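User: I should like to work through this model in a series of questions. Please let each reply close on the value or name requested.

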Amino acid sequence: MRKTFTRRGPFASARREVSETGEPGASSAQTASPSYRLAFEDVDFLLRQDLRPVRLQLELLKPELLQQQHGIKSTVAVFGSARIPSPERAQAVLGQAEEAARNHPKDREAARRLAVARRMVANSRYYEEARRFARIVTGTCAGENVCDFVVKTGGGPGIMEAANRGADDLGGKSIGLNIVLPMEQEPNSYITPELCFRFHYFAIRKMHFLTRSKALVVFPGGFGTLDELFEAATLIQTGKIEPIPILLFGREYWERVINIDAMISEGMVAAEDKDIFTFVETAEEAWNCIADFYRLPK
C-alpha cells in the first residue's frame, strides 16, 4: 500500500509516491532517467550552457526578492582591499616578518615581506576608518523599522569585514555580496546572515552593488576595487545612472595610483569628470559629504 505526499510550497502539484516505510516507490528505467527529473531539481540540466540566461535571472532575482522581504530601501556600498588587516592582525604579521628578517638577514624575500608588513601596519588605519564609518551610518540611519543607507560590501575580509563589523557593532543590518572564486573566500562573520549572498557572475554582482546604492565609499584596494570604482564612474560619466557620491578614502594613495589630471591633459576625459570623485580622510568627513548631498541631518 502506498500513500501520496504533497510537497509544500509553490510547487504543490509536484508529488511523489512512497511506501508506508517511507521508501521511494519502485523505480523503472523511465523514472531513473535524468529526463524524468523535475526541471527545477535537475542541477545538471540547470548548468547547461543553454540555461545561462536562466541562471543569470536567478542570480538577479534571489538577492532582490530577499532584500525586498527584509525592507532594504537604500544602501551604501563600501569597497576596498581584502588584504588590509585589522591593526591587531597587522601588528602580529609585522612581528613575524621582523623575526624572519632577523633570522635571515640576507634573504631578499624576507626583506620584501618586512617592507610589505610595515605598509600593512600603516594601511590598517583604513580598517578602523571603515569600521567607524559603518558605525556612523548605521547609528544615524538604522532603526527598528528603518532600512535606509544599509552598509553593503563584497562580503570578504579586510575593508569589507571592517564595514560589516562596524554595522554589527551597533546591532544593525549589513549586506555581503560574496563571489565564487578559484580560491574560495568565506563570508566574514559580521554580515547579517539573512543578507549574505553568493554570486557566480561578476556582472550580476556589480548590478547589485549599484542597485539601491546612494553612495560608494572606496578605500585603497587593488584590481577588484578599481574595477568596481571605474564601473560606477563610467555609468555616471555616461549618464546611465544618476550621480551619487563616490568618496575616495586616502588622497595620497589614490593620486599615486590614478592620475586623472594626466587623462584630462591628454584629452581622454573632460575636466569636469574629475568632480565625480571626492577625496576624504576620515569617517566623519565621508558621512558629512553624503549627508550634504542628500540634505540629511548630521
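Analyst: A salt bridge is counted here where a side-chain nitrogen of Lys or Arg lies within 4 Å of a carboxyl oxygen of Asp or Glu. The model to which this is applied is predicted.

User: How far apart are the closest N and O atoms of Glu252 and Arg256?

Analyst: Glu252 and Arg256 are separated by about one helical turn, because they are four residues apart in helix H9 (residues 251–257). Arg256 counts as exposed, at 57% relative accessibility. The two residues form a salt bridge, and the distance between their closest N and O atoms is 2.8 Å.

User: Which residue forms a salt bridge with Glu109?

Analyst: The partner lies three residues from Glu109, and both belong to helix H5. Glu109 is partly exposed at 34% relative accessibility, and its partner is partly exposed at 45%. The closest N and O atoms are 2.7 Å apart, and the partner is Arg112.

User: Is Lys206 buried or exposed?

Analyst: Lys206, in helix H7 (residues 202–210), forms a salt bridge with Asp227; the pair links distant parts of the chain, with Asp227 in helix H8 and the two positions 21 residues apart. Asp227 is partly exposed, with a relative accessible area of 32%. Residues under 20% are classed as buried. Lys206 has a relative accessible area of 16%, so the class is buried.

User: How many salt bridges does the structure hold?

Analyst: Side chains of opposite charge can pair when their charged atoms come close. Some salt bridges join into a network, as with Arg37, Asp42 and Asp44. For the structure, the number of salt bridges is 16.

User: Which strands stand at the edges of the seven-stranded open sheet?

Analyst: The seven strands pair in the parallel sense, in the order E8-E7-E6-E3-E9-E10-E11. A strand at the edge has a single partner, so one side of it is left without a neighbour in the sheet. The strands in that position are E8 (196–199) and E11 (277–280).

User: By what angle are neighbouring strands of this sheet turned against each other on average?

Analyst: Within the order E8-E7-E6-E3-E9-E10-E11, the pairing is parallel. With direction ignored, the average turn between neighbouring strands is 25°.

User: Which residue in E7 stands opposite Val151?

Analyst: Strand E6 (residues 150–153) and strand E7 (residues 174–179) pair in the parallel sense over three bridges. Opposite Val151, the residue in E7 is Ser174.

User: At about what angle does helix H8 run to E10?

Analyst: Helix H8 (residues 223–237) lies across strand E3 (75–79), strand E9 (213–218), strand E10 (246–249) and E11. Its angle to E10 is about 150°.

User: What is the relative accessibility of Ala163?

Analyst: Ala163 is placed in helix H6 (residues 159–169). Beyond its neighbours within four places in sequence, Ala163 is in contact with Val78, Ala130, Ala134, Val151 and Thr153. Phe79 is 84 residues away in sequence, yet the C-alpha atoms of Phe79 and Ala163 are 9.1 Å apart. Ala163 counts as buried, because its relative accessibility is 0%.

User: What is the relative accessible area of Thr138?

Analyst: Thr138 lies in helix H5 (residues 108–141). Leaving aside residues up to four places away in sequence, Thr138 touches Val151, Ala167, Leu170 and Gly172. Thr138 is buried, and its relative accessible area is 7%.

User: What percentage of the residues in the chain is buried?

Analyst: The chain has eleven helices and eleven strands, and it exposes about 17600 Å². Of its 298 residues, the buried share is 39%.

Notes. Residues numbered from 1 in each chain as written. Predicted model: local features only at pLDDT ≥ 70, side-chain atom pairs only at ≥ 80, totals over all residues. Heavy atoms only, no water. Buried < 20%, exposed > 50% of the residue type's maximum accessible area, 1.4 Å probe, protein only. Contact = heavy atoms within 4.5 Å. Areas by Shrake-Rupley, 256 points an atom, 1.4 Å probe, with all protein chains shown as cover. Pairing = 2+ DSSP bridges. Axes fitted to C-alpha atoms, helices over the stretch in contact; angles between N-to-C directions.
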